[in-house]
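This report looks at how charged side chains join parts of a chain, and at the fold in which they sit. Please read it alongside the sequence and the coordinates.

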Amino acid sequence: MPEPRLRRDGLTRRQILGLGGAFGLLTTTGLATAATLARRPATTGAHLRSTAQLPPPHRVPLPIPAVLKPVATDGTGDRYEIVQRETAAEILPGLTTRLWTYGGTFPGPTIEARRGRPVTVTHRNELPVPTVVHLHGGRTPAASDGYPTDLVLPATWPQTPAHSMPGMDGMSGGAMADPRAVTSRLTRDYTFPNDQRPTLLWYHDHRMDFTAPAIWRGLAGLHIVRDDAEDALGLPAGPREIPLMIADRAFTADGALTYPSLDPTLRERPGVTEPHLAGVLGDVILVNGAPWPVHETDAARHRLRLLNASNARHYELEARTEDGRRLDLVRIGSDQGLLTAPVTHRSLPLAPAERHDLVVDFTTAPVGSLVRLVNRLGTGRTRDVMAFRITRRPAADDSRIPPTLSTDLPDWHRQDAVRTRDFAFRAGRTNGGHGWLIGGRPFDPARTDVTVPLGDTEIWRLIADVHHPVHLHLVGFRILSRAGKPPLPHDAGLKDTVSLRPGESVEIITRFDGYRGRYLFHCHNAEHEDMGMMANLEVV
């Protein structure tokens, strides 16, 4: 019987079950099989269809997340407070959506930090389930990194031993034991040293087994690190520096978020229904929490700080004028900060959790026209992302893009690596069910998968069956190769998340410095992550 035909929006059940065999072939037959796998769809996952009345594109104004004010500040650092709580908001015009939020908004409030100045954030959990906060891309001590079992319990959560708790069943079955878990009730202080290059980070929930639905319900916000050297470059700033958190969602007829959880209470049973095992894709594109928004601005250079906060959706972004011209996307920064020099693109791929720091020049767009940000990988309504309406000519634009952006990128070379490791990311079986594995094993918090001495430099070879955006906690890395060839132009700079395409192998190099302790590496397709695709990294 022939294999079912591939759908553009996902994989069939038989394909998911067959990926393990395909991956085995890849390891033995090499590039031919890789080329076959590379013809899989442009994204991995299955669509949810909204039943709500959806607005036309580019009618809702783009919100800009508020910058959080510290509750205390002194010579040693700044202290913030965030309450995690449920709230109601109007996302689709005329409808009310219940959200889980940081501080009552989606996205949560933005934290503006200075390089080397510590920030302590007290999170108070007033949600009905445990939570964990992870600062994605942060060089953070292990105690504040947001390990998935270091739960902040709500006030009414039953008191149980920290090593075996409700809601920590795990994809490997049974109670997921973690003798090293550090739990607290109601509040927890997270301290972020910000001892890193200036960049756009983001914070989100990282609870064991339930990261995907928690982010889907709204638990995500921005954290920006700045320094004096970046401030002096003359890049677009103020209202011409715009953070853009892109995410997809789906809605019921009454405006509620829809998500295929096996346990909608997110209390006991992790996972999603079978059609969505490869990832959950919504049919509504939100930017800063608004559907297909429009931003009124002037005809000048703008700095766009892009984050893909989608669970599983990949984007390939273009900026198009009404007469069909593509504007240059001048990439000045990556996940972990500024590039050495700007790189000009006409389109840019953006995988879940990746960030791009861009400058786009709107001076050639006529006043009154729209410049649309579009997704070449989308179909139907998901091809639209947002638009900029050019309302006026500026009195002045003294911004610039200097030819040298930074001089502090790590200069790691192959000969610096003390060891090379191989990791396979593929579908597999977990306790008799379907899951996602690293090195053939599902996540177990009690098992150490990799031990690295502090200060060692290593090369990691990553290989995938389908799309896997792989994220390392604690460290940034450089991409050395893709499929045995040089990195692609969008791979430039210091990364913390790398998008593996179907059948593709990628080499990365990094130095494990900063802090000792227990960290993670995992796939940032959030459904894959919840279904076992994480591993432990111990820095000693």
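Accessible areas are taken here from the Shrake-Rupley method with a 1.4 Å probe. On that basis, the accessible surface of the protein chain in this predicted model comes to about 19,500 Å², and 52% of that surface belongs to carbon and sulfur atoms. Of the chain's 540 residues, 61% count as buried. The chain contains 5 helices and 35 strands, and when contacts between residues at least 6 apart in sequence are considered, 78% of them join residues at least 24 apart.

Against this background, the structure holds 44 salt bridges, including the three pairs in the table below.

| Pair | Closest N to O | Separation in sequence |
|---|---|---|
| D298 and R240 | 2.6 Å | 58 residues |
| R355 and D496 | 2.8 Å | 141 residues |
| R414 and E507 | 2.6 Å | 93 residues |

In the salt bridge between D298 and R240, the closest N and O atoms are 2.6 Å apart. Because D298 belongs to strand β17 (residues 294-298) while R240 sits in the loop between α4 (228-231) and β13 (241-249), this pair ties together parts of the chain that are 58 residues apart in sequence. Both D298 and R240 are buried.

The side chains of R355 and D496 also meet in a salt bridge, at 2.8 Å from N to O. This pair links distant parts of the chain, with R355 in strand β23 (residues 355-361) and D496 in the loop between β31 (478-482) and β32 (497-500). R355 has a relative accessible area of 1% and is therefore buried, and D496, at 1% relative accessibility, counts as buried too.

How exposed or buried are the partners in the bridge between R414 and E507? R414 is partly exposed, with a relative accessible area of 42%, whereas E507 is buried, with a relative accessible area of 14%, given that buried means under 20%. Their closest N and O atoms are 2.6 Å apart. Since R414 lies in the loop between β25 (384-392) and β26 (419-430) and E507 lies in strand β33 (residues 505-511), the pair ties together parts that are 93 residues apart in sequence.

Finally, salt bridges can also be followed beyond single pairs: a network of them links E112, R226, E230, E241, R303, R305 and D357.

Conventions. Residues are numbered from 1 along each chain as its sequence is written. This is a predicted model: local features need pLDDT of at least 70, side-chain atom pairs count only at pLDDT 80 or more; totals for chains, interfaces and linings use all residues. Side-chain values use heavy atoms; hydrogens and water are left out. A salt bridge is a side-chain nitrogen of Lys or Arg within 4 Å of a carboxyl oxygen of Asp or Glu. Helices (H or I, at least four residues) and strands (E, at least two) are DSSP runs, numbered from the N terminus. Buried means under 20% relative accessible area, exposed over 50%, partly exposed in between (1.4 Å probe, protein chains only). Contact means heavy atoms within 4.5 Å.
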